[in-house]
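Here are a few notes on how the strands pair up, written for reading alongside the model. Please keep the structure open as you go through them.

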Amino acid sequence: MRVVNPATGEVLREVAEADRAAVAAAFRRARAAQPAWAATPLAARCAVIRRFRALAVERAEPLARTLTLEVGKPITQARGELAGLLPRIDFFLAEVEGALADEVVLTSPADRLEERIRREPLGVVASISAWNYPWYVGANVFLPALLTGNAVLYKPSELATLTGLAIGELLHEAGVPADVFHQALVGGGNVGAMLLEEPIDAVCFTGSYATGIKVAAAVAPRLVKAQLELGGKDPAYVCDDVDAVAAAAAVADGAFYNTGQSCCAVERVYVHERVWPRFVDAFVGTARGYVVGDPLDARTYIGPLARREAALAVLEAQVADAVGHGARALVGGRRLDRPGFFFAPTVLVDVDHTMRVMREETFGPLIGLARVGSDDEAVALMNDTDYGLTAAVYTPDRARAERLLARVNTGTAYWNCCDRVSPRLPWTGRGASGLGVTLAREGIAAFVRPKAWHLRGG
Ligand code: TXE
């Protein structure tokens with residue numbers, strides 16, 4: 001398999017893909033190694049993850065560089081991802097003991113009876129990952145899974161293979177047994193499909209809706225637990241009482257950060273007509289000001305598209321569809337004529353929900369701005385989607401924001417912010433955005449299952 005630099009098109013490395021025998025052997029070894037790992041005292045498992053944290057700090061710069069080379073993430077943002085990993089590690093280390101603790105729900109000396117809930121690891125967890133935030137998406141799964149005593153079979157995205165391999169190397173160097181976190185099962189969807197055929201106890205998938213439903217279907221007959229973190233078409237609503245210039249800068253960052261390749265990027269904006277002109281001017285000005293270019297250059301904000309030609313084709317098709325239906329591009333609107341896979345930051349207006357750019361996941365530096373006349377109109381449009389990941393409202397009026405966001409069917413609500421993930425808050429998608437939860441205490445509980453103990457003394 002070729003690992004290609006999307007900024008130049010050059011082949012960075014060729015890596016052997018895992019085959020069926022390798023996947024089956026990895027499963028057998030994980031199954032055999034997991035009980036001993038689960039029996040390892042929690043303190044010892046935590047110590048291993050603390051060492052992993054120390055290595056991630058020590059190697060942050062070369063790891064960020066690898067991420068930038070293979071995914072095209074601007075180096076300042078790649079450094080941001082490695083730095084953002086640390087509070088996640090700290091959260092899971094701080095919370096795992098509580099999440100694993102037994103719960104005595106009844107003691108009745110008269111009946112010599114005790115009722116107790118004990119939490120057990122699921123067993124062998126398959127983790128099939130996406131490329132856009134490989135450290136975050138990976139860690140959301142392997143940290144709580146390993147800390148709670150599970151073994152993990154990790155298949156990184158074929159677009160983030162080198163980072164996937166680095167994750168495995170760091171975990172092993174930190175002390176995770178080689179069979180408990182199997183070295184990354186390198187390859188594309190075919191390797192993911194092979195992994196799902198093994199008698200795993202759970203699968204945690206992060207990726208597109210299209211692949212997510214294939215994953216769910218593959219394991220459903222065996223009633224294997226499936227966690228699905230899927231796509232989004234996340235809206236932001238800018239109310240009539242905002243500082244339009246400040247809101248424009250914040251929403252633009254939510255739309256274009258990571259070159260728009262975030263599951264919770266702002267993918268459609270509704271702007272109250274009273275602030276429309278000032279907001280649009282400021283928003284377009286911000287988009288025009290972004291430095292597009294070599295992701296290794298610290299001044300770069302917009303890098304190349306990791307999915308290369310496939311991503312450019314989606315963006316061009318969405319622009320053509322929108323313009324064909326009457327939309328106008330105020331800036332950008334086409335791929336850049338330069339080596340690599342770059343698309344100009346693009347802002348469309350006169351858009352509506354008949355257009356693909358307002359309905360289908362875009363996953364790139366392209367955004368439609370729509371004018372609305374009221375809060376009710378905005379809420380109706382925000383809910384007019386199959387997805388349900390996050391939604392944002394910009395207004396100085398907290399009560400107004402909470403009232404509106406309570407009516408929008410998403411797993412996450414943002415007041416005066418967007419494109420933000422906290423380890424303390426549950427990350428869940430609704431509708432086509434997924435099943436299950438990562439992060440927060442719920443994201444630890446997702447990797448254990450309860451066993452009910454009815455204990456009656458002799
Ligand atoms: O997805 P793909 P990508 C979403 C984001 C976007 C997508 C981008 O919104 O939709 O992820 O990631 C493997 N059986 N999120 O392009 O193509 C494939 O090899 C088993 C949401 O990577 O779906 C890769 O490892 N596996 C998220 C993985 O599936 C298969 C956060 C995903 O690939 C397979 C980040 C198959 N048949 C991105 N086919 C959130 N909601 O938190 C492919 N794969």
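1. A good place to start is β8, where alanine 202 is the bridge partner of valine 125. Helix α5 (residues 134-147) packs on the sheet here, touching β5, β6 (151-155), β7 and β8, with contact meaning heavy atoms within 4.5 Å. The direction of α5 makes about 165° with that of β6; axes are lines fitted to C-alpha atoms, for helices over the stretch in contact, and angles run from 0 to 180 degrees between N-to-C directions.

2. A word on the source: this is a predicted model, where local features need pLDDT of at least 70, side-chain atom pairs count only at pLDDT 80 or more, and totals for chains, interfaces and linings use all residues. Residues are numbered from 1 along each chain as its sequence is written, and side-chain values use heavy atoms, leaving out hydrogens and water.

3. Strands β5 (residues 124-128) and β8 (residues 202-206) run parallel and are joined by four bridges. Helices (H or I, at least four residues) and strands (E, at least two) are DSSP runs, numbered from the N terminus; two strands pair if DSSP finds at least two bridges between them.

4. Now for the antiparallel pairs. Five bridges link β3 (residues 103-108) with β4 (residues 113-121), and valine 104 stands opposite arginine 116. Their hairpin has four residues between the strands, and arginine 112 takes a positive phi near 50° there.

5. β4 also pairs with β20 (residues 448-456), antiparallel over nine bridges. In that pairing, arginine 118 stands opposite lysine 451 of β20.
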